[in-house]
Amino acid sequence: MDRSTTEKRSEVMSKIRSKNTKLEIYVRHLLFERGFRYRLNRKDLLGQPDIVLTKWKTVIFVNGCFWHAHQGCKKATIPETRADFWRQKLDGNRARDQREYATLLSMGWRVLVVWQCACLKTRSEALGTLMESFLRSTISFAEIGRDDVEGDPSTLTSEEDEVHQH
Ligand SMILES: [Zn+2]
C-alpha cells in the first residue's frame, strides 16, 4: 500500500471516529437525561464497549451501520468498487462483533447495540424510552435500529444531517 493511500485511509478513519464519538455523546445524553450513570470505554472489557452501566450490568455499543454491517440497513450497503474486498472485510467486522457479544454475555454482562440509524434527534424520545426499557428489563441482548424508533418523517432529513454531518 502506498503512502497516499495510507494517509487517505487514516484521514477517513479519523473522520469516522469523530463521527462515532458524536453518536456516543448523543446516546449518553439520552441516558443521562433519564438518570442513568455510566462509565466510558472501559479498556479492561472485551471490545471496549462505548458505554458501561455497571449498576445495570449492561454494556452499550453505538455502532456505525456501515463498518459494523447492520443487516438490512440502507446505510450499510456494500460499495460497488472492490465489492468482494468490502464484503469480506465487513463480514469479518460483523463476525468479530458477534464473538465479542457472546463472550460478554457469557461473562454475565447484558449487551445493547444502538445502531447509528436509530440516532436521529426526532426519535430521541423513542430511542431513550427503548434504552430505558431494556435497562429495566431482564433481557440480555437487544439491538435498536431505525425501524425501532420510527418518528416524524417530515423532519427527518434536516435532523439527521444535524446529528451526523460533523
Ligand atoms: Zn442501520
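**Helix 3 and its sheet**

Tutor: Start with helix 3, where S124, L127, M131 and F134 are buried. This is a predicted model: local features need pLDDT of at least 70, side-chain atom pairs count only at pLDDT 80 or more, and totals for chains, interfaces and linings use all residues. Residues are numbered from 1 along each chain as its sequence is written.

Student: What makes a residue of helix 3 buried or exposed?

Tutor: A residue is buried if 20 or more other C-beta atoms, placed from the backbone, lie within 10 Å of its own, exposed if 12 or fewer, and partly exposed in between. S124, L127, M131 and F134 meet the buried cut-off. E125 and S133 are exposed, on the face turned away from the buried side.

Student: How do you know which side of helix 3 the buried residues are on?

Tutor: Take the directions from the helix axis to the C-beta atoms. For the buried residues they cover an arc of only 95 degrees, so these residues lie on the same side of helix 3.

Student: How do you know what span helix 3 should have?

Tutor: The expected span is 1.5 Å times one less than the number of residues. For the 12 residues of helix 3 that gives 16 Å, and the end C-alpha atoms are 16 Å apart, so the two agree.

Student: Why are strand 1 and strand 5 at the edges?

Tutor: Strands pair if DSSP finds at least two bridges between them. The open sheet has the order 1-2-3-4-5. Strand 1 (39-40) and strand 5 (141-144) each have a single partner strand, so one side of each lacks a neighbour in the sheet.

Note on methods. Helices (H or I, at least four residues) and strands (E, at least two) are DSSP runs, numbered from the N terminus.
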